[in-house]
Structure formats: C-alpha cells, structure tokens
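The following exercises concern the structure shown below. Please attempt each task before reading its solution.

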Amino acid sequence: MMKRILNILIACEESQAVCKAFRKLGHNAYSCDLLDCSGDHPEWHFNHDITEVLNKTNLVLQNGEEAVIKGNWDLMIGHPPCTYLAVSGAQWYYHPEDKDLPVEKRRPHPKYPNRARDREDAVKFFMSLAKAKIKRIAIENPVGIMSNRWRKPDQKIQPYQFGDPYSKGTCLWLKNLWTLHPSKETNDHGEKVFFKSGKSQPKWYSEALKAKTPEERRTLRSKTFPGIARAMAEQWSIQIALEEDLLTDAELKILGADYRTLNRLDDAQVQIIEKREQQLISSWLKEG
C-alpha cells in the first residue's frame with residue numbers, strides 16, 4: 001500500500017459513491033452534504049455546511065463522532081447543485097410570452113420569479129468550491145453557464161467510458177489533476193427514449209423524472225455512476241502517490257519507468273497505462 005493514506009473530501013455528495021470508491025482503496029475519505037447520506041455510512045459523512053469542514057471548525061460526523069484529519073486535505077471533489085447552472089433549466093428564467101423579446105426586456109417566469117437570484121447564489125457557491133485552498137480540486141457539473149461565467153471545463157466525460165452502459169455528459173474543471181482516461185470502456189451507451197419532436201433522452205434520465213418530488217428527481221439525476229467514481233479514486237490516487245513520493249520500489253516497477261512519459265491522448269498508450277494501473281490497483285486491494 002501507499003506510504004500514507006490520503007485525506008479526501010467529496011463535497012455535495014449524499015450518495016457517497018465517490019467517497020466509497022476512495023475508501024475501498026484505504027483512504028481517509030469523507031462525503032459532505034446538507035442532506036443525510038444515502039450510502040449507508042454515516043461514520044464517513046458530514047451532514048452540515050461544507051465551509052465548516054473546509055475550515056475544520058466543525059468535523060462532527062452524521063453519527064455524532066468527530067472525524068480525525070491529520071494534515072491537509074489532499075484532494076477535494078465537488079458536486080455543486082446544478083439546478084440553476086445547467087442549460088436544461090434555461091427555459092424557466094423568463095416569462096413564456098416574452099420569448100421573442102431581447103433578454104433585457106423579458107420578465108421573470110411567473111412560476112419562478114426568484115430564479116435569476118438563485119442562479120447568482122449557485123454561481124457564488126460553485127466558485128467558492130473551485131477557489132478553496134486545497135492543492136488539488138475537481139469540480140463536476142453538467143454542461144451549463146459556468147463555461148461562460150468562469151472558463152471552459154478541462155474535460156467532458158461519459159459513464160460508458162468507464163464501464164457503465166449509460167449516457168450523461170459530465171464536465172470536469174480540474175486544478176492540479178490529470179484528465180481521466182477511459183477505463184473498462186463499453187460500447188453500450190444505454191437505451192434512449194424518443195419523442196414526437198424527434199428529440200431523445202437517455203432512458204435512465206427519463207425514468208428519474210417520474211419520481212414523486214422535485215427533491216427526489218434532483219437526487220436521482222445527480223448521482224455519480226460507479227465507474228466514474230472508481231476511475232476518480234484509482235487514477236487520482238496514483239497521480240498523488242507519484243507526486244508525493246508515496247509508492248514503494250515494487251509499486252513503481254509495476255507502473256514502469258516510462259509511465260510519466262506515456263501519451264494519455266494516444267489510444268494505444270492509454271491501454272498500456274490502463275493495464276499497469278489496474279495491476280497496481282489489484283496489488284493494493286490484495287494487501288488491503
């Protein structure tokens with residue numbers, strides 16, 4: 001195993017999918033969300049304000065115990081709420097009768113008069129995570145306004161690139177992290193539902209819209225697919241281990257002397273990277 005375990009914080013994650021993937025590798029990983037966790041591990045979950053966790057002013061977990069964080073957070077992965085940031089919600093900003101008017105002359109949508117203010121609050125929260133004082137940060141969100149309000153994402157990924165037969169375009173904004181390479185990719189991109197308009201939608205997403213409450217629909221749509229969670233844990237653990245000199249000689253030998261120089265944009269070389277990384281991960285899991 002690595003010479004020390006990593007401190008990992010997953011912000012805005014009630015499902016604990018990413019948290020559990022890092023825990024599987026033996027790391028000191030915690031999820032944080034205003035909601036109670038649904039991942040069955042309250043001993044790994046902060047159910048209060050992420051700011052208190054970042055500042056370490058309140059490290060009380062959902063089970064009432066206090067987390068022990070020795071040193072700094074090595075990595076934070078944030079999943080800020082996308083309700084007011086995603087392009088899919090743009091139709092709810094303006095009055096339907098004003099669609100032909102210039103934006104500056106349109107009235108607020110009668111059902112959601114405060115949506116513009118809510119959007120600004122969402123942007124502010126997104127940026128508070130992106131600018132947190134942590135060495136490595138990944139922020140995940142669907143295609144939305146942050147590409148214009150802040151900057152383009154560093155990467156766009158799909159669940160099927162990491163072994164899950166589903167489609168869900170996901171953007172990643174990265175600070176001091178490598179982009180993820182495909183791992184255990186499948187050609188099955190999942191079923192789609194087609195509408196009379198000719199448009200289509202992933203079937204899993206369409207099924208999620210049938211949930212009883214807006215909160216349930218939002219939670220179902222925002223869950224992280226397990227293959228993406230696994231890839232984040234595996235690939236970024238290896239990157240941090242290399243950068244922090246946390247690998248043994250035997251582990252470095254598995255990756256190979258040329259590992260750092262392999263081209264992550266070349267399909268053939270990505271297969272070499274993937275094979276060596278999976279060998280290293282297997283050795284960690286056997287030791288764990």
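**Exercise 1. The sheet**

Task: Determine in what order the seven strands form the open sheet, and which are the edge strands.

Solution.
- Step 1. In this predicted model, the strand order of the open sheet is β3-β2-β1-β4-β5-β7-β6, with mixed pairing.
- Step 2. An edge strand pairs on one side only, and this holds for β3 (45-46) and β6 (155-157).

**Exercise 2. Strand β4 and its partners**

Task: Establish how many bridges join β4 to β1 and how many join β4 to β5, and state where the side chains of β4 lie.

Solution.
- Step 1. β1 and β4 run parallel and are joined by four bridges. Leucine 9 has methionine 76 of β4 as its bridge partner.
- Step 2. β4 and strand β5 (residues 137-141) also run parallel, with three bridges between them. Isoleucine 77 is opposite alanine 138 of β5, and glycine 78 has isoleucine 139 of β5 as its bridge partner.
- Step 3. In a regular strand, side chains alternate between the two faces of the sheet. In β4, Leu75 and Ile77 belong to one side, while Met76 and Gly78 belong to the other. These four residues are all buried, so both faces of β4 are covered.

**Exercise 3. Helix α1**

Task: Identify which residues of helix α1 are buried, and explain why they are placed on the same side of the helix.

Solution.
- Step 1. The buried residues in α1 (residues 17-24) are Val18, Cys19, Ala21 and Phe22.
- Step 2. Because these residues cover an arc of only 160 degrees around the axis, they are on the same side of α1.
- Step 3. The elements covering these buried residues include β1 (7-11), β2 (28-32), β4 (75-78) and α7.
- Step 4. After α1 comes glycine 26, which has a positive phi near 95 degrees.

**Exercise 4. The packing of α7 and α9**

Task: Find at what angle helices α7 and α9 pack, and which residues make the contact.

Solution.
- Step 1. Two packed helices are described by the angle between their axes and by the distance between the axes. For α7 (residues 226-243) and α9 (residues 267-287), the angle is about 95 degrees and the axes are 11 Å apart.
- Step 2. An angle from 65 to 115 degrees counts as roughly perpendicular, and therefore α7 is roughly perpendicular to α9.
- Step 3. From α7, the contact residues are Arg230, Glu234, Gln235, Ser237 and Ile238; from α9, they are Glu277, Gln278, Leu280, Ile281 and Trp284.
- Step 4. Sorted by class, this contact has four nonpolar, three polar and three charged residues.

**Exercise 5. Two residues in helices**

Task: Decide whether glutamate 274 is buried or exposed, decide the same question, buried or exposed, for serine 147, and list the contacts of each beyond its neighbours within four places in sequence.

Solution.
- Step 1. Glutamate 274 lies in helix α9. Its relative accessible area is 12%; since the limit for a buried residue is under 20%, glutamate 274 is buried.
- Step 2. Apart from neighbours within four places in sequence, glutamate 274 is in contact with His181, Pro182, Ser183 and Lys184.
- Step 3. Serine 147 belongs to helix α4 (residues 146-149). With a relative accessible area of 15%, serine 147 is buried.
- Step 4. With the neighbours within four places again left aside, serine 147 is in contact with Lys152, Pro153 and Trp173.

Technical notes
Residues numbered from 1 in each chain as written. Predicted model: local features only at pLDDT ≥ 70, side-chain atom pairs only at ≥ 80, totals over all residues. Heavy atoms only, no water. Axes fitted to C-alpha atoms, helices over the stretch in contact; angles between N-to-C directions. Helix = DSSP H or I, 4+ residues; strand = E, 2+ residues; numbered from the N terminus. Parallel < 35°, antiparallel > 145°, perpendicular 65-115°, else oblique. Contact = heavy atoms within 4.5 Å. Nonpolar A, V, L, I, M, F, W, Y, C, P; charged D, E, K, R; others polar. Buried < 20%, exposed > 50% of the residue type's maximum accessible area, 1.4 Å probe, protein only. Arc of directions from axis to C-beta. Pairing = 2+ DSSP bridges.
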